[in-house]
Amino acid sequence: MTTASRYSLLQIGLHWLVAVLFALNYVVSDGMGEALRSKLAGGTPDGLVATLHPPVGIAVLVLSLLRLLVRWRLGAPASPEGGHRLLDLAAHWGHRALYAGLILIPATGILAWGVGIAAAGEAHEIVVNLTLALVIGHAAAALFHQFVLKDGVIDRMRPMSR
Ligand code: HEM
Ligand code: HEM
């Protein structure tokens with residue numbers, strides 16, 4: 001926890017870069033199941049999705065590990081003034097769960113695609129869906145803070161706000 005009113009520029013940059021890459025890989029995923037089955041059967045799947053999806057996902061893993069390191073070194077800004085204890089707790093555990101998803105998604109993907117464990121592919125899809133639900137809740141919570149509680153929480157993740 002720091003006394004700053006927003007995250008550092010590095011943390012803000014990493015947050016939005018990971019958000020964009022996460023969304024990109026969610027969209028560029030159709031056909032990965034088929035590509036995995038072909039790979040497990042000894043084929044060499046090609047095509048745009050099989051070429052892009054694994055490296056973009058690995059980039060998400062590397063950037064998320066970097067984020068955790070920066071977070072550990074720099075901390076986070078103090079909770080907004082007049083914050084509610086329950087909301088703070090929900091944000092605290094919600095952010096931890098998001099980080100867990102950002103690590104577990106690529107890890108299960110690598111176990112399926114790189115190591116050839118078919119069951120890891122099923123786990124991958126489950127963790128992706130759970131994390132997506134968290135992301136939707138996360139974005140909704142950010143909008144609720146910004147427009148209902150009006151505590152300027154989104155400014156903490158904006159590079160050029162007041
Ligand atoms: C942010 C990271 C990632 C996201 C959001 C993501 C998302 C998805 C989604 C939505 C699917 C379901 C596709 C479908 O069936 O229509 C999928 C499948 C798959 N992804 Fe990822 N993925 C990520 C990272 C990775 C990585 C790093 C790898 C491998 C190195 C990987 C390998 C796979 C494989 C093999 C499947 C097929 C699983 C199966 O059908 O059993 N993914 N991914
Ligand atoms: C429209 C989409 C999004 C909005 C508006 C948004 C907004 C925010 C805001 C305002 C914070 C700071 C919260 C605070 O100060 O307590 C934050 C933190 C965070 N966001 Fe997002 N976010 C979005 C998408 C995402 C996505 C897609 C992910 C990951 C897949 C993500 C992961 C995180 C994590 C892990 C934190 C905690 C940062 C830390 O304390 O280290 N966000 N987000």
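## A tour of the five-helix chain

Begin with the whole chain in view: among contacts between residues at least 6 apart in sequence, 70% join residues at least 24 apart, a contact being two residues whose C-beta atoms, placed from the backbone, lie within 7 Å. What is on display is a predicted model, in which local features need pLDDT of at least 70 and side-chain atom pairs count only at pLDDT 80 or more, while totals for chains, interfaces and linings use all residues. Residues are numbered from 1 along each chain as its sequence is written, with chains lettered from A and ligands numbered from 1 in the order in which they are written.

Colour by secondary structure next, and the chain shows 5 helices and 0 strands, in the order α-α-α-α-α from the N terminus on; helices (H or I, at least four residues) and strands (E, at least two) are DSSP runs, numbered from the N terminus. Along the principal axes, the C-alpha atoms fill a box of roughly 60 × 25 × 25 Å. Of the 162 residues, 15% are buried, where buried stands for 20 or more other C-beta atoms within 10 Å of a residue's own, exposed for 12 or fewer, and partly exposed for anything in between, with C-beta atoms placed from the backbone.

**Stop 1: α3 and α4**

Select α3 (residues 48-74) together with α4, whose axes come within 9 Å and cross at roughly 140°; axes here are lines fitted to C-alpha atoms, for helices over the stretch in contact, and angles run from 0 to 180 degrees between N-to-C directions. The crossing is left-handed, that is, the near helix is turned anticlockwise from the far one by less than a right angle, clockwise being right-handed. Residues to show as sticks include Pro54, Gly57 and Leu61 of α3, and Tyr99, Gly109 and Trp113 of α4, which are among those making the contact. By class, this contact has 11 nonpolar, 3 polar and no charged residues, counting Ala, Val, Leu, Ile, Met, Phe, Trp, Tyr, Cys and Pro as nonpolar, Asp, Glu, Lys and Arg as charged, and the others, Gly among them, as polar.

Staying in α3, centre on Ala50, which counts as partly exposed because it has 18 C-beta neighbours inside 10 Å. Leaving aside residues up to four places away in sequence, Ala50 touches Met32, Ala35 and Pro45.

**Stop 2: ligand 1**

Select ligand 1 and the 25 residues around it, of which Ser29, Gly33, Gly57, Gly109 and Gly121 come nearest; a residue is near a molecule or strand if its C-beta atom, placed from the backbone, lies within 6 Å of it. Two or more residues of this shell come from each of α1, α2 (32-40), α3, α4 and α5, with the largest share, 6 residues, from α4. The shell around ligand 1 has 13 nonpolar, 9 polar and 3 charged residues.

**Stop 3: ligand 2**

Move to ligand 2, where Ala19, His95, Leu98, Ala142 and Met157 come nearest among 19 surrounding residues. At least two residues each are supplied by α1 (9-27), α4 (85-113) and α5 (118-149), and α4 gives the largest share, 5 residues. The classes in this shell are 14 nonpolar, 3 polar and 2 charged.

**Stop 4: α5**

Finish with α5, whose buried residues, His124, Val127, Val128 and Thr131, pack against α4. The 32 residues of α5 should span 46 Å at 1.5 Å a residue, and the end C-alpha atoms are 45 Å apart, which agrees; the expected span is 1.5 Å times one less than the number of residues. After α5 comes Lys150, whose phi is positive, near 50°.
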